[in-house]
2 protein chains.
Amino acid sequence: MIGMSETEFQRARSTDAKEARVKAILASAREQAKARSVREVTLTDVAAGVGMHKSTMLRYFETREEIFLRLAAAEWADWSTDAVRMLDHLEQRNPAEVAAVLASGLVARPFFCDLLANAPLSLERGVSSEAVKSFKLVALASAGAVADALQRAAGLDSAGARNAVATATGMAGALWQMAAPGTALRQLYETDPELGHAVVDVEPRLATILEALLRGSAPGSAPPR
Amino acid sequence: MIGMSETEFQRARSTDAKEARVKAILASAREQAKARSVREVTLTDVAAGVGMHKSTMLRYFETREEIFLRLAAAEWADWSTDAVRMLDHLEQRNPAEVAAVLASGLVARPFFCDLLANAPLSLERGVSSEAVKSFKLVALASAGAVADALQRAAGLDSAGARNAVATATGMAGALWQMAAPGTALRQLYETDPELGHAVVDVEPRLATILEALLRGSAPGSAPPR
C-alpha cells in the first residue's frame, strides 16, 4: 500500500472488513428470502445464515426491515436499469411490446415482487426515518427513470408514464402475493375445484393489464370533455 | 317462545350467545384496526377490547388472521353490493364515470383497503385451508358481481372486466399502504422537501389509472394483430 500511512492502512482494512460483513448479511437475507419468502425470514435467521451473533449484526443494521429495505433499493435500481435499456432498444414501440417488457422484467424478479408488496406494508414501518428516506430516494429515482423511458417508448405524458410505473410495480407486488408459486395457498387454489379459476398467472395477467393501461393512457385516446 | 321445547330453547339461547360473542369479537377487531391499522392489532388486543380471556376467544377463532379474514369477506361483500348498485344506476356510462364509482367506493372504505393489502400477504397464510376457502369464495363472488356490472356499464368483455376489478382492488390496497393518512410515513413524505412529490393522493390517482385502463380495455380499442 504505497503512500498510505499506517493509520490510513488500518482504516482501509477496517472499512473493507465492515463492507465485507455488510455484504455477507445482505447475501444471507437475500438467499433465505428467495428460498422461503421475505416475511418468513427473521433477524435471527439472517444472523444464523452468516454465522454472526445477533448483537454483532445489530452494529450494521438496526432491524430486519432495514436489511430488506437495502435489498429492495438494490432490486429497484437493477430492474430500472434493465427496463430502461430494453425500452430504449425496442424495435416495435406499441403498447403490447412495451407492456411485455415491463411485465417480463418484473416477473423475472420474484424476490423484487415479494419486496414490492412488503415494503410499504411492513418494511418502511420498522426503520428510522433516515433508512426510509434513503430507500425511497433510490426507489423514486428508479421509478422516474423507467417513467422517462416510457415517455420515449410509448409516447405517454409525464403523469401517464408515472401511473404506468406505479401500476406495473403495484400490481406485480399484489398479483405475486396472490399467486406465489410453491406456497400452500397456491396449492390449495390449484387443487380445489371451486377455487381453480382463481389461480392467477402473473405474467400474462400483468401484461394484459399494462397493455390496456398504456393504450388508454396515450394522449388522444380520451375524448375531449 | 311458543312451540319450543326446553331443549330447543336452550340451544337457541346458546346459539344466540355464541353469535353475540362472535359479533363482539369482530367489532373489537374492526374498531381497533380502523383506529390504528390491521397489522398492529394483535389477538391480545382483540381479547382485551371485548373483555374476554384469550383462551375463551380461541374457542371462536383460531387466530387473529381468521378474525380479519372474516371481516375482509364482509367488506368485499359490502363494497361489491354498493358498487354494483351504483354501476347499474349510472347515467353516463363512460370510462371516467365508471372509474370514479370504483375509486370512490374503495377509498371511502379505508379499512377494506388496508385488508386488501394484508389478505394475500399475511392473513391467508395464518389460517386453515377451510378458513382461506370460505373467505376466498366470498371474495370471488363479490369480485365476479362487480365484473358482471362492469360488462354492463362499460361494455367490457369478461376478461377485461375481471382485470379491471383486480386492478381496482389491487391498486387500492397498494396505494393505500403507501399513503395511509396519519402514519409517521405519510408525515415524513409530506414534510421532507426531497420526498414531497412522492405523496400519493389515492382517489384521483386510482381514478385516473382505472379510467385509462377501462378506455384501453374496451373492445375495439386494440388494433387488429
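**Exercises on the interface of chains A and B**

**Exercise 1.** Determine how many residues each chain gives to the contact, and what area the two chains bury.

*Solution.* Step 1: the contact draws on 47 residues of chain B and 47 residues of chain A. Step 2: in this predicted model, the two chains bury about 4200 Å² between them. Step 3: of that area, 61% lies on carbon and sulfur atoms. Step 4: on the side of chain B, 15% of the area buried against chain A comes from B:Leu121, B:Arg125 and B:Arg215, more than from any other three residues.

**Exercise 2.** State how many salt bridges and how many residue pairs in polar contact link the chains, and describe the pairing of A:Glu194.

*Solution.* Step 1: between chain B and chain A there are four salt bridges. Step 2: A:Glu194 pairs with B:Lys133 in a salt bridge; their closest N and O atoms are 2.9 Å apart, and the cut-off is 4 Å. Step 3: 14 residue pairs are in polar contact across the interface, both residues being at pLDDT 80 or more.

**Exercise 3.** Identify which elements of chain B give two or more residues to the side that touches chain A, and classify the residues of that side.

*Solution.* Step 1: the elements are helices H6 (110-121), H7 (129-154), H8 (158-179), H9 (184-191) and H10 (202-217) of chain B. Step 2: the residues of this side comprise 22 nonpolar, 13 polar and 12 charged.

**Exercise 4.** Report the confidence values for chain A and for the complex.

*Solution.* Step 1: chain A has a mean pLDDT of 89, with 94% of its residues at 70 or more. Step 2: for the complex, the predictor gives an ipTM of 0.90 and a pTM of 0.90.

Key: Residues numbered from 1 in each chain as written. Chains lettered and ligands numbered in written order. Predicted model: local features only at pLDDT ≥ 70, side-chain atom pairs only at ≥ 80, totals over all residues. Heavy atoms only, no water. Contact = heavy atoms within 4.5 Å. Buried area = accessible area lost by both parts, 1.4 Å probe. Salt bridge = Lys/Arg side-chain N within 4 Å of Asp/Glu carboxyl O. Polar contact = N/O pair within 3.5 Å; in protein donor to acceptor, adjacent residues only side chain to side chain. Helix = DSSP H or I, 4+ residues; strand = E, 2+ residues; numbered from the N terminus. Nonpolar A, V, L, I, M, F, W, Y, C, P; charged D, E, K, R; others polar. pLDDT = per-residue confidence, 0-100.
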